[in-house]
Amino acid sequence: MPVIKVLFVTSEIAPLIKTGGLADVSGALPAALRTLNIDVRVLVPGYPQVMAQMGPSEVVATFNELPGFPPSRLIFSIMKTGVPLLVLDCPKLFSRDGGPYMDPETGHDWTDNPIRFGLLSKVAAVLSSDASPLSWHPDLVHGNDWQTGLIGVYLSVATGAVPNIITIHNLAFQGNFRPKKVKLLHLPPDCFSINGVELYGKMSFLKAGLYYAWHITTVSANYACEIQGDELGFGLQGLLQSRTKDITGILNGIDTSDWNSETDKYLPAHFSPTRMSGKAHNKQALQQRMGLQVDPAIPLLAVVSRLTHQKGLDLLLEIVPRLLDFPVQLVILGSGDAVMQQDARDLAQLYPGKVAVLIGFDEGLSHQIEAGADIFIMPSRFEPCGLNQFYSQRYGTPPVVHNTGGLADSVVDCTPETLKDGTASGFVFSGMTTDNLYATIQRAVDLYRDERKWKALRKNCMKKDFSWESSARAYREVYLKVLGRS
Ligand code: ADP
Ligand code: GLC
């Protein structure tokens with residue numbers, strides 16, 4: 001079968017720049033696709049973190065006259081995974097301290113985000129049409145989330161445009177701006193309509209992406225259904241329903257070499273399903289590091305997450321005083337919403353030795369928590385896929401999850417039947433209430449006290465296959481379909 005050439009466009013990629021799961025996916029999926037005879041190259045903005053870490057590089061193109069955008073250039077490099085990288089270097093737009101999306105001084109999004117990600121989309125479109133200055137021409141361009149949403153609009157007026165698809169990682173982030181951006185971004189003037197980039201009077205990057213893409217994928221089959229309904233459609237359900245035949249849900253995988261309890265460089269001790277003593281060592285080290293009472297017997301609950309409304313952690317914080325009666329310990333690593341951060345800190349202060357909170361982003365600690373904890377908590381209100389439930393299962397830390405999105409697709413609720421047939425891998429609750437969350441954590445803690453059953457549950461978790469292999473094959477099927485080759 002001939003090689004398929006794919007330009008994969010993303011606003012973050014691990015390990016170079018990461019705010020969430022999109023980075024993990026962008027770091028691992030292209031590498032998995034390359035093993036399937038797909039020549040993927042990744043286009044990513046040249047933030048300082050990317051420029052500093054990208055390794056040997058070479059300038060392969062310059063763009064001095066893209067209407068509406070400052071000059072930029074394209075730098076070629078290769079990731080450690082072997083995936084070729086095209087870094088979009090535009091100092092005026094990307095060379096600044098802070099996160100990829102947010103101004104750390106104001107705590108708000110960068111005001112020029114439409115231009116920043118407009119340029120990312122524009123350059124992706126140039127590289128995917130006759131105007132490309134490169135000798136490598138993709139057969140297809142694959143965008144991710146709203147930051148790449150304008151690719152299809154630009155391609156709609158380009159010559160030699162290749163097909164484009166978009167993956168929705170989170171429909172809640174849409175990139176909606178004032179209509180005057182249509183002119184600033186030099187979009188075709190007639191695109192500001194319901195049949196184009198307009199969404200409830202705004203110009204919407206994501207709406208544009210979903211309208212112009214040849215095919216839409218999202219990161220779990222369950223979420224692919226949910227976003228076509230009123231509750232989780234975020235105003236785009238009508239459009240998504242009209243495109244239902246063009247939507248495919250493909251569950252994310254994980255990087256099984258980064259997340260390998262037998263080799264993980266962040267862990268003080270390694271372990272495997274047949275040699276679990278290392279897990280106890282990790283628990284002890286985590287309790288020590290986080291200032292919790294060192295006690296092997298007390299169940300240690302854990303959270304690693306953005307602290308936002310989506311993640312439902314307000315419910316968990318509310319029931320902490322009741323949970324501590326079991327007794328349990330709780331460790332939280334996360335950052336986000338200022339109120340939630342403060343509530344978490346207050347609990348740590350109120351319950352020293354029992355609740356430990358670290359506000360910030362710490363990759364190494366996130367691995368140590370997944371390995372050292374006993375039970376992982378993810379009460380997300382919605383969750384397109386979620387990655388931590390994979391990591392925790394793989395590290396023998398059964399998760400408690402809300403019955404939504406990819407959580408429902410990747411965790412099997414523990415019942416006498418599922419324990420018996422070896423499929424149980426966590427605890428799933430329906431109905432977003434504190435009582436339901438409390439009762440489900442209680443169910444998990446009760447099982448923890450039954451050593452034989454807990455061991456069986458942990459083993460089920462650890463033997464599950466979360467590698468990218470089958471998901472990458474599903475992406476290849478989508479590519480082939482879009483290219484008319486299947
Ligand atoms: P989302 O992308 O919605 O935040 P995911 O579960 O898909 O949720 O991915 C989150 C990723 O970010 C995971 O790899 C998780 O471990 C990581 N992460 C989230 N918060 C932190 C943090 N404070 N420190 C380290 N890693 C974090
Ligand atoms: C988004 C979603 C998360 C998903 C991740 C990677 O950030 O919130 O559920 O796992 O993207 O696809």
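In which loop is Pro15 found? In this predicted model, Pro15 is found in the loop that runs between strand S1 (4–9) and helix H1 (21–34). The legends below describe close-up views.

**Figure 1. Cis peptide bonds at Pro15 and Pro327.** The bond that joins Ala14 and Pro15 is cis, and its omega is about 5°. Pro15 belongs to the loop between S1 and H1. A cis peptide bond also leads from Phe326 to Pro327, where omega is near 5°. Pro327 is found in the loop between helix H11 (313–323) and S14. As background to this view, most peptide bonds are trans.

**Figure 2. Positive phi angles at His186 and Phe234.** Most residues other than glycine have a negative phi. His186 is not a glycine, yet its phi is positive, at about 55°. The loop that holds His186 lies between helix H6 (181–184) and strand S9 (198–199). His186 counts as partly exposed because its relative accessibility is 45%, and the partly exposed class runs between 20% and 50%. Phe234, likewise not a glycine, has a positive phi of about 45°. Phe234 lies in the loop between helix H8 (221–226) and helix H9 (237–242). With a relative accessible area of 34%, Phe234 is therefore partly exposed.

**Figure 3. An open sheet of 6 strands with parallel pairing.** Read across the sheet, the strand order is S15-S14-S13-S16-S17-S18. Strand S15 (355–359) and strand S18 (427–429) are the edge strands, each pairing on one side only. From one strand to the next, the twist averages 20°. Strand S14 (residues 329–336) pairs with S15 in the parallel sense, over 5 bridges. Within this pair of strands, Ile332 stands opposite Val357 in S15. Helix H12 (residues 338–350) packs on the sheet, where H12 touches strand S13 (300–307), S14 and S15. The direction of H12 makes about 145° with that of S15.

**Figure 4. Helix H17 (residues 434–448) packed on the sheet.** H17 touches S13, strand S16 (375–378), strand S17 (399–402) and S18. The direction of H17 makes about 165° with that of S18. How far should the 15 residues of H17 span at 1.5 Å a residue? The expected span is 21 Å, and the end C-alpha atoms of H17 are 21 Å apart, so the two values agree. The buried residues of H17 are Thr434, Leu437, Tyr438, Thr440, Ile441, Ala444, Val445, Leu447 and Tyr448.

**Figure 5. The interface between domain 1 and domain 2.** The domain assignment gives domain 1 as 4–253 + 469–482 and domain 2 as 277–463. Taken over C-alpha atoms, the centres of domain 1 and domain 2 are separated by 32 Å. At the interface, 19 residues of domain 1 are in contact with 16 residues of domain 2. The size of an interface is often given as the accessible area lost when the parts come together. Between them, domain 1 and domain 2 bury about 1,300 Å², of which 61% is on carbon and sulfur atoms. Lys18, Asn222 and Leu251 supply 30% of the area that domain 1 buries against domain 2, more than any other three residues.

How values were computed. Residues are numbered from 1 along each chain as its sequence is written. Chains are lettered from A and ligands numbered from 1 in the order in which they are written. This is a predicted model: local features need pLDDT of at least 70, side-chain atom pairs count only at pLDDT 80 or more; totals for chains, interfaces and linings use all residues. Side-chain values use heavy atoms; hydrogens and water are left out. Two strands pair if DSSP finds at least two bridges between them. Helices (H or I, at least four residues) and strands (E, at least two) are DSSP runs, numbered from the N terminus. Axes are lines fitted to C-alpha atoms, for helices over the stretch in contact, and angles run from 0 to 180 degrees between N-to-C directions. Contact means heavy atoms within 4.5 Å. The expected span of a helix is 1.5 Å times one less than its number of residues. Buried means under 20% relative accessible area, exposed over 50%, partly exposed in between (1.4 Å probe, protein chains only). Domain bounds come from an automatic or database domain assignment. Buried area is the accessible area (1.4 Å probe) that two parts lose on being put together, summed over both.
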